[in-house]
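Colleague: Could you take me through the way the helices pack in this one, and then through a few of the residues around them? I'm at the bench, so plain words please.

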Amino acid sequence: MNNCFLLIKQMLGCYPVLGMFNHKFIAGWRKSLSISILSSNSSNNHNLAFYSKSIKPKILLTTTSELNRDSPLIGLECVMMDYIFGKKKATQVAHSVWEHVVKKGDAVVDATCGNGYDTLAMVNMVADKSRVGRVYAMDIQETAIKNTMSLLDRSLHPNEKEMVQLYATCHSEMEQVVPRSATVRVVAFNLGYLPGGDKTMITKPETTLLGMEAATRIVVAGGVISMLVYVGHPGGMEEYEMVEAFASGLPVDTWICCKLQMLNRPLAPILFLLCKR
């Protein structure tokens with residue numbers, strides 16, 4: 001539990017106006033925190049859910065009590081605080097996490113390429129002169145593939161475009177398109193419907209679960225599975241519950257799982273980060 005408050009101290013240290021720490025200040029935070037345990041298949045689960053009544057807007061931050069050297073999240077405390085205080089959106093937090101983890105020349109997977117903005121961001125993260133980095137982007141909708149291709153055509157040099165492989169397929173099939181030899185550092189899901197597209201065509205819990213299972217097998221140690229879940233559309237809440245149950249059930253000795261959720265904005269997107277130790 002003390003590690004949780006150490007994390008809070010590190011995060012608040014990003015904001016000097018809140019960084020005047022003393023024992024009384026920390027004691028005040030202790031009184032304002034409510035802590036509960038997430039369900040897990042592991043009998044040694046250290047995942048904690050805690051929220052603060054002293055910060056508006058409220059958030060729920062589900063994290064581990066062992067954010068130590070093997071966690072890809074170390075060094076991102078300021079990014080998390082920017083989200084809490086409304087300076088970053090969930091999508092921006094996700095991109096910051098990817099940038100923190102990805103190395104030039106890595107392979108990354110955009111499991112739901114949509115209109116291509118995540119794919120484009122990923123290319124910029126893996127690209128260097130060697131051009132060995134790869135972005136494997138997929139979407140079940142042909143419209144999404146066309147939109148992504150159009151964005152990449154406008155935004156990238158032809159040499160950079162060569163690093164992107166687009167597939168009109170479901171993310172449940174990612175193991176069929178990503179080579180086994182690839183060093184996959186990030187697998188990103190942006191769930192829901194295609195922005196600007198047919199809102200009745202949405203990601204489904206059944207295939208998303210298969211995609212998440214595949215992602216846990218292909219991502220390397222030190223990598224991250226990023227899940228941005230939207231709950232404001234029909235079927236969104238069911239998919240969110242499935243993602244949360246899956247993340248909660250991953251073994252603590254090999255995974256660090258957390259989520260960022262705005263409690264007083266029930267329709268805001270929820271970001272899950274599944275970090276492989």
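Modeller: Here is the overall picture, then the helix pairs, then some single residues.

Keep in mind that this is a predicted model, with local features needing pLDDT of at least 70 and side-chain atom pairs pLDDT 80 or more, while totals for chains, interfaces and linings use all residues. Numbering starts from 1 along each chain as its sequence is written, and side-chain values use heavy atoms, leaving out hydrogens and water.

The protein chain has 10 helices and 10 strands (DSSP runs, H or I of at least four residues for helices and E of at least two for strands, numbered from the N terminus). Of its 277 residues, 52% are buried (under 20% relative accessible area, with exposed over 50% and partly exposed in between, using a 1.4 Å probe on protein chains only). Among contacts (heavy atoms within 4.5 Å) with a separation of 6 or more, 68% join residues 24 or more positions apart.

Let's start with H4 and H5. Helix H4 covers residues 90-101, and its axis lies 10 Å from that of H5 at an angle of about 25° (axes are lines fitted to C-alpha atoms over the stretch in contact, and angles run from 0 to 180 degrees between N-to-C directions). That angle makes H4 roughly parallel to H5 (under 35 degrees; over 145 is roughly antiparallel, 65 to 115 roughly perpendicular, and the rest oblique). The crossing of H4 and H5 is right-handed (the near helix is turned clockwise from the far one by less than a right angle; anticlockwise would be left-handed). On the H4 side you'll find His-95, Trp-98 and Glu-99, and they meet Tyr-117, Asp-118, Ala-121, Met-122 and Met-125 of H5. By class, that contact of H4 with H5 has 5 nonpolar, 1 polar and 2 charged residues (nonpolar is Ala, Val, Leu, Ile, Met, Phe, Trp, Tyr, Cys and Pro, charged is Asp, Glu, Lys and Arg, and the others, Gly among them, are polar).

H5 also packs on H6, at an angle of about 40° with the axes 9 Å apart, so these two helices are oblique to each other. The H5 and H6 crossing is right-handed. From H5 come Tyr-117, Thr-119 and Leu-120, and from H6 come Thr-148, Leu-151, Leu-152 and Ser-155. The contact of H5 with H6 divides into 4 nonpolar, 3 polar and no charged residues.

Further along the chain, helix H9 (residues 205-218) packs against helix H10 (residues 236-248) at about 25°, with 10 Å between their axes, which means H9 is roughly parallel to H10. H9 and H10 also cross in a right-handed way. Pro-205, Thr-208, Leu-209, Met-212, Glu-213 and Thr-216 of H9 face Glu-238, Glu-239, Met-242, Val-243 and Phe-246 of H10 in contact. Sorted by class, the contact of H9 with H10 has 6 nonpolar, 2 polar and 3 charged residues.

Now for the strands that touch these helices. Met-227 sits in strand S8 (residues 219-229) and counts as buried because its relative accessibility is 0%. Leaving aside residues up to four places away in sequence, Met-227 touches Phe-189, Leu-191, Thr-208, Met-212, Val-243, Ile-270, Leu-271 and Phe-272. Leu-191 is 36 residues away from Met-227 in sequence, yet their C-alpha atoms are 7.4 Å apart.

Val-109 belongs to strand S4 (residues 107-110), and its relative accessible area of 0% makes it buried too. Beyond four places in sequence, its contacts include Met-122, Tyr-136, Met-138 and Ile-218. The C-alpha atoms of Val-109 and Arg-134 are separated by 8.4 Å, with their positions 25 residues apart along the chain.

Two loop residues are worth a look. Arg-131, in the loop between helix H5 (117-126) and S5, is partly exposed at 35% relative accessible area. Its phi is near 55°, positive in a residue other than glycine. For comparison, most residues other than glycine have a negative phi. Gln-141 lies in the loop between strand S5 (134-138) and helix H6 (142-155), and Gln-141 is buried at 12%. Setting aside residues up to four places away, Gln-141 touches Leu-194 and Met-201.

Last stop is Gln-261 in strand S9 (residues 255-262), which is buried at 16% relative accessibility. Its side chain makes a polar contact with the side chain of Lys-259 at 3.3 Å (a pair of N or O atoms within 3.5 Å, one able to donate a hydrogen and the other to accept it within protein, with residues adjacent in sequence counted only if both atoms are side-chain atoms).
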